[in-house]
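Colleague: I would like to go through this complex feature by feature. Please give the general idea each time, then the case at hand.

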Amino acid sequence: MLQLNFIREKRDYVIERLGVKHFKDAEQVIDEIIASDNKRRNTQTELDKIKSESNSLAKQIGIMYKQGEAAKAEELKKQTAVCKEREKELSEQLAECEAHVRELLLTVPNLPNENVPLGKSSEDNVVEVQKGEIPQLQEGAKPHWDICAEYDIVDFELGNKITGAGFPVYKRKGAKLQRALINFFLDEAEANGFTEVQPPLMVNENSAMATGQLPDKEGQMYSIPLDGYYMIPTAEVPVTNIFRDTIQKEKDLPLQYCAYSQCFRREAGSYGKDVRGLNRLHQFDKVEIVCIDTPEHSYEQLEKMKNHVAGLLEKLELPYRILRLCGGDMSFTSAITYDFEVWSAAQQRWLEVSSVSNFETYQSNRMKLRYKNSEGKTVLAHTLNGSALALPRIVAALLENHQTPTGVNIPKALQKYTGFDKID
RNA sequence: GGAAAGUUGGCAGAGUGGUCGAAUGCGGCGGUCUUGAAAACCGUUGAUCUUCACGGGUCCGGGGGUUCGAAUCCCUCACUUUCCGCCA
């Protein structure tokens, strides 16, 4: 959520930046927000005056009773009736204004950072780096879903029977590879200074609201209506919410956390070859990194997170590239996002395996995540997160890029985790 | 699932209808003392809205109610603890 004061002070800038994100009717919405807030302020000022009056009357009445001047007190009581009525009116009006402003604010996305490229779709994203050698595969190289079947390591049919599409069963060396990757990612994160946590896989409404999944992306999450919970689409939600409604000390920043979790996404609207095999699942495993930092240092921190992710891909010997997403392709809550993609040799295309973002104060404003700065002022912190990494497409890329006629080679860095060096 | 007791500032913990945003202790911060530190002593120390400012408003788990007046009484929801039941 954007900060009201910021919108008031930088109206034109806000509208211009929202244009980069292709937010419709920016001018109209922003002006309505400002107008509603003006009304809110006037109402509040008036209400405060009335309340101040009631308070002092009540005090006088109290004193009179104590001094045994009951008759005088009764007289004053009559006066309070008028105040009360007006108070009720005004506080209703105030609540209405507040609700309206909030409702509008929730529809406004985060502003893109100055470095965000202009553009509408994924074609306008900027390729920052490309690293690693694109492998030349042998004749008859297979896509990962065929490899999975050949070595019986991921069973999609079985998952269909038990649950439905997008819930595969990992078997044998496939299951071990999952465990190995999770441990590898967690160990690497820890070595880079991230503290491991294991969060709940379901969250309540407040948490989902704070990180931006609610109110409007409800259809993307699985919900448990009986208890009012949601299955997490990413560990970002529970881990960032650890810090909801807190005031941190500046000397404790940056906070750096990592968490393994399973993630659940409905993926409504997806179809076609994009969803084949491990490309898009309803349940998948991911190690997430989450950071809280000051506005002064958050972009440094973002670089650190990018380097961490790049290091993982290099150790897995996978060719990858880093994209800086354009305004039209970024998520609602992000100020800047870098996507990591690995080359899928058999599918002949790039697969997104990580997304690293700085949300600046957008999430922290929703969740009241603040810190005391060196001047002793309480200000909003910046939140950042990234996947490090999501498993399914990594598995797909490992299987495809490292396949040989006699089996799939496991990268050296991973061998001590898997306990085997080849899937055959 | 049943029963009971709780939820107060960073923490511990007073406060059961009136000047209580809240005693006290601990912790934090600043200072005195000290070569330095500790101890001791002194001072200071919640958040938030509004106002150029003075000031004013709100917040004692969340929401609602009673009352001229609520941390304090009532309703409701959530959570915590203990006992019983069930159980990996």
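Modeller: Start with a definition: helices are DSSP runs of H or I with at least four residues, strands are runs of E with at least two, and both are numbered from the N terminus. Keep in mind that this is a predicted model.

Colleague: Which element gives the largest share of the surface near RNA strand B?

Modeller: Helix 3 does, with 13 residues. The elements that contribute two or more residues there are helix 3 (26–66), helix 4 (70–107) and strand 14 (369–372).

Colleague: Which of the 19 residues around RNA strand B come nearest?

Modeller: Those are Q44, D48, A58, R370 and K372.

Colleague: How do the residues of that surface divide by class?

Modeller: The surface near RNA strand B has eight charged, seven polar and four nonpolar residues.

Colleague: What part of the RNA do the protein atoms meet, sugar or phosphate on one hand, bases on the other?

Modeller: Count the atoms of RNA strand B within 4 Å of the protein: 63% are sugar or phosphate atoms, and the remainder are base atoms. Individual polar contacts can then be read one by one. A polar side-chain atom of K372 is 2.8 Å from a phosphate oxygen of RNA strand B. For R40, a side-chain N or O atom lies 2.9 Å from a sugar or linking oxygen of the strand. The side chain of S52 has an N or O atom 3.4 Å from a sugar or linking oxygen of RNA strand B.

Colleague: Now helix packing. At what angle do helix 5 and helix 12 pack?

Modeller: Angles of 65 to 115 degrees count as roughly perpendicular. Helix 5 (residues 144–151) and helix 12 (residues 391–401) pack at about 80 degrees, and their axes are 9 Å apart. The two helices are therefore roughly perpendicular to each other.

Colleague: Which residues make the contact?

Modeller: Helix 5 supplies H144, I147 and C148, while helix 12 supplies A396, L399 and E400. By class, four residues of this contact are nonpolar, one is polar and one is charged.

Colleague: Last, the sheet. In what order do strands 17, 18 and 19 stand?

Modeller: Strands of a sheet pair through backbone hydrogen bonds, either parallel or antiparallel. Here three strands form an open sheet in the order 17-18-19, with antiparallel pairing. Strand 17 (403–404) and strand 19 (422–423) are at the edges with a single partner strand each, so one side of each has no neighbour in the sheet.

Colleague: How many bridges join strand 18 to strand 19?

Modeller: Two bridges join strand 18 (residues 407–409) to strand 19, and the two strands run antiparallel. N409 has K422 of strand 19 as its bridge partner.

How values were computed
Residues numbered from 1 in each chain as written. Chains lettered and ligands numbered in written order. Predicted model: local features only at pLDDT ≥ 70, side-chain atom pairs only at ≥ 80, totals over all residues. Heavy atoms only, no water. Pairing = 2+ DSSP bridges. Axes fitted to C-alpha atoms, helices over the stretch in contact; angles between N-to-C directions. Parallel < 35°, antiparallel > 145°, perpendicular 65-115°, else oblique. Contact = heavy atoms within 4.5 Å. Nonpolar A, V, L, I, M, F, W, Y, C, P; charged D, E, K, R; others polar. Near = heavy atom within 4 Å. Polar contact = N/O pair within 3.5 Å; in protein donor to acceptor, adjacent residues only side chain to side chain.
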